[in-house]
Each structure stands twice: as C-alpha cells, then as structure tokens.
Amino acid sequence: MLKSVWSDSVAIARQAWPELRGNGGHGLANLKEVLGLQFRHHDAGEDARAAAEVTLKAEASMGRKIRILSTSQQLVFDFQ
C-alpha cells in the first residue's frame, strides 16, 4: 500500500496570485511565463518539478509556509 501526502499546486497558485484568475489562469503553462519557470511542459518529471517550484515561489510571495492537506484528504493507493 502506498500512502502519499500531497498538495494541489493550482490551489496554492490561486491563493498566492488571485489576480491571475481570468488573466491567463493558474495552470503551469501560464505560470511558466508569469513566474519565469524553466521546464519542458507535458513531461511528468518536469511538470512535477515545476509544481514544486510554484509552491516554493508561492510560499515566498505569501511570506508563509503552505500547509499540507489533512489526513482525510490524502490519497491511498492499494496495488495488489
């Protein structure tokens, strides 16, 4: 069984940069341009790294750490 704690980088970006709503949005393609991120879009590893960079930049922008999702919001996968 794999138990994973995760956070949604789009939800985090919405908190950090609400002005992007209706102005390009909070997806990685727009955040790449707005935040000056360097990654190959639609490559799983690159997208994951970019999402982590979004979270770190959001923390810096908001001046606080992002809370991880609660236990009730965690994903559990059973690969049997």
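From the N terminus on, the elements of the chain run β-α-α-α-β, which amounts to three helices and two strands, where helices (H or I, at least four residues) and strands (E, at least two) are DSSP runs numbered from the N terminus. This is a predicted model, in which local features need pLDDT of at least 70 and side-chain atom pairs count only at pLDDT 80 or more, while totals for chains, interfaces and linings use all residues. Residues are numbered from 1 along each chain as its sequence is written, and side-chain values use heavy atoms, with hydrogens and water left out.

**Exercise 1. Determine which residues of α2 are buried, and how they are arranged around the helix axis.**

Step 1: apply the cut-offs, by which buried means under 20% relative accessible area, exposed over 50%, and partly exposed in between (1.4 Å probe, protein chains only). On this basis the buried residues of α2 are L28, N30, L31 and L35.

Step 2: look down the axis of α2, taking the arc from the directions that lead from the helix axis to the C-beta atoms. The buried residues of α2 fall within an arc of 155°, so they line one face of the helix. An α-helix has 3.6 residues a turn, so residues three or four places apart point the same way.

Step 3: identify the cover, with contact meaning heavy atoms within 4.5 Å. What covers the buried residues of α2 includes α1 and α3. For one of these residues, L31, the contacts beyond four places in sequence are A13, W17, L20, H26, G36, L37 and V54.

**Exercise 2. Describe the largest nonpolar core and state which helices supply it.**

Step 1: assemble the core as a set of buried Ala, Val, Leu, Ile, Met, Phe, Trp, Tyr and Cys residues joined through side-chain atoms within 4.5 Å. The largest such core has 14 residues, and W17, L31, L35 and V54 have the most contacts inside it.

Step 2: assign the members to elements. At least two residues of this core come from each of α1 (9-16), α2 (28-35) and α3 (44-62).

**Exercise 3. Compare the span of α3 with its expected value, and list its buried residues.**

Step 1: the expected span of a helix is 1.5 Å times one less than its number of residues. The 19 residues of α3 should therefore span 27 Å, and its end C-alpha atoms are 27 Å apart, which agrees.

Step 2: the buried residues of α3 are E46, D47, A50, A51, V54, T55, A58 and E59, and what covers them includes α1 and α2.

Step 3: follow the backbone beyond the helix, where G63, just after α3, takes a positive phi of about 70°.

**Exercise 4. Is S9 buried or exposed, and which residues does S9 contact?**

Step 1: S9 lies in helix α1, and at 17% relative accessibility S9 counts as buried.

Step 2: leaving aside neighbours within four places in sequence, S9 is in contact with A51, V54 and T55. The C-alpha atoms of S9 and A58 are separated by 9.2 Å, although these residues are 49 apart along the chain.

**Exercise 5. Characterise the backbone of H42 and its accessibility.**

Step 1: H42 is found in the loop between α2 and α3, and its phi is near 70°, a positive value in a residue other than glycine.

Step 2: H42 counts as exposed, because its relative accessibility is 70%.
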